[in-house]
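Thanks for coming. I have one structure to go through, and I will take the DNA side before the protein interface.

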There are 2 protein chains.
Amino acid sequence: MDLIYYQIEEVAQKTGLTKRALRYYEDMKLVTPIRTDAGYRLYSDDDISEILRIRELRDSLGFSLNSIKESLDLQNTLKEILSQSNGDPIVIKKSIEEVEKQIKLISEKEIALSNVKNKYEVVLKQLVELLQRCE
Amino acid sequence: MDLIYYQIEEVAQKTGLTKRALRYYEDMKLVTPIRTDAGYRLYSDDDISEILRIRELRDSLGFSLNSIKESLDLQNTLKEILSQSNGDPIVIKKSIEEVEKQIKLISEKEIALSNVKNKYEVVLKQLVELLQRCE
DNA sequence: TATAACCTTGACGTTAAGGTTAAGGATGGG
DNA sequence: CCCATCCTTAACCTTAACGTCAAGGTTATA
């Protein structure tokens with residue numbers, strides 16, 4: 001079974017990004033589709049799910065493309081480390097620290113988010129009560 | 001007891017923003033410190049906590065200053081609505097919808113965040129195991 | 001009263017993340 | 001073979017969120 005590839009226009013539709021953004025992401029080395037002999041970009045399904053993950057990080061979490069790249073790079077080195085079933089303990093410890101730092105960062109964001117959410121939920125409750133008294 | 005006011009430099013230190021950013025936020029009408037006769041900005045403690053909230057929204061959640069402004073404006077109109085103990089039911093219903101929309105948006109972000117966090121936690125666990133086997 | 005250390009408003013520069021337009025090659029159908 | 005419809009790179013434009021002077025007013029201190 002050979003792989004299916006998509007041209008840029010189709011990928012744009014599938015991911016909700018523009019063609020310009022897809023090309024820009026390639027410049028940033030966030031995705032690297034293969035090319036036809038004529039130079040056309042060909043995206044695999046893996047490329048597309050990668051792009052969707054990037055989109056989620058960008059849209060939902062407001063990460064910059066640079067920090068997204070760092071995050072993806074980190075995940076790749078982690079994969080490498082984990083694939084070799086025994087590696088340098090020093091490298092592993094460093095990676096653990098890195099990952100813990102990321103998790104901590106995310107936890108902070110989670111707290112900030114839930115604060116904002118709580119605030120809105122309090123107001124929502126008050127509004128609903130007010131509406132009931134009005135009717 | 002009269003209020004305490006701070007000049008811009010001190011506010012910059014207290015909030016971790018630059019003076020330029022503070023002036024820019026005033027241009028954006030995110031904060032409006034009072035002025036001395038000579039035109040110096042004077043920030044109150046309330047101004048400072050407002051600025052800290054803005055910072056949190058910007059840093060942790062990646063909101064644009066525009067959407068932060070919209071959010072703050074919404075909260076102000078909500079306060080007004082809630083202060084008048086009976087208002088126009090139509091207005092109230094609209095506000096409820098607005099708030100529900102915001103909460104939904106935040107929930108989406110929360111899910112996205114926890115997905116990313118989970119991914120990292122799985123990797124972290126694997127790394128810790130790998131380290132133990134190495135030692 | 002002079003001088004340093006604040007503050008002010010411009011005004012132009014910068015970076016990220018694309019939008020837009022131009023000029024030209026590839027490809028598929030009639 | 002030709003035309004429409006894809007694709008390519010290159011180059012310049014745009015917006016947000018400031019950074020960075022520059023020129024000048026204010027205030028505290030020696």
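A term before we start: a polar contact here is a pair of N or O atoms within 3.5 Å. Keep in mind that this is a predicted model.

With that cut-off, take A:Leu65. A backbone N or O atom of A:Leu65 sits 2.7 Å from a phosphate oxygen of DNA strand C, so the pair falls within 3.5 Å and counts as a polar contact. The side chain of A:Tyr25 also takes part, with an N or O atom 2.7 Å from a phosphate oxygen of that strand. From chain B, a polar side-chain atom of B:Arg41 is 2.7 Å from a phosphate oxygen of DNA strand C.

Which elements supply that surface? Two or more residues each come from α2 (19–27) and α4 (65–83) of chain A, and from α1 (8–15) and α2 (19–27) of chain B. The biggest contribution is from α2(A), with four residues.

Altogether, 20 residues surround DNA strand C, and A:Thr18 and A:Tyr40 are among the closest. Of the strand's atoms that come within 4 Å of the protein, 72% belong to sugar and phosphate. By class, the surface near DNA strand C has eight nonpolar, five polar and seven charged residues.

Now the protein interface. Chain A and chain B each put 49 residues into the contact. Between them they bury about 4400 Å², and carbon and sulfur atoms make up 77% of that. On the chain B side, the residues losing the most area to chain A are B:Leu113, B:Tyr120 and B:Leu127, which together account for 17% of what that side buries.

What about polar pairing across this interface? The rule finds eight residue pairs in polar contact and two salt bridges. One salt bridge joins A:Lys117 to B:Glu110, with the closest N and O atoms 3.0 Å apart.

Helices α3 (45–61), α4 (65–83) and α5 (89–134) of chain B each give at least two residues to the side that touches chain A. The largest share, 31 residues, is from α5(B). That side of chain B has 23 nonpolar, 14 polar and 12 charged residues.

Last, α5(B) itself. How far should its 46 residues span? At 1.5 Å a residue the expected figure is 68 Å, and the end C-alpha atoms are 67 Å apart, so the two agree. Where this helix starts, a side-chain oxygen of B:Asp88 comes within 3.0 Å of the backbone nitrogen of B:Ile90.

That is what I have; I will take questions.

Definitions and conventions. Residues numbered from 1 in each chain as written. Chains lettered and ligands numbered in written order. Predicted model: local features only at pLDDT ≥ 70, side-chain atom pairs only at ≥ 80, totals over all residues. Heavy atoms only, no water. Contact = heavy atoms within 4.5 Å. Buried area = accessible area lost by both parts, 1.4 Å probe. Salt bridge = Lys/Arg side-chain N within 4 Å of Asp/Glu carboxyl O. Polar contact = N/O pair within 3.5 Å; in protein donor to acceptor, adjacent residues only side chain to side chain. Nonpolar A, V, L, I, M, F, W, Y, C, P; charged D, E, K, R; others polar. Expected span 1.5 Å × (residues − 1). Near = heavy atom within 4 Å.
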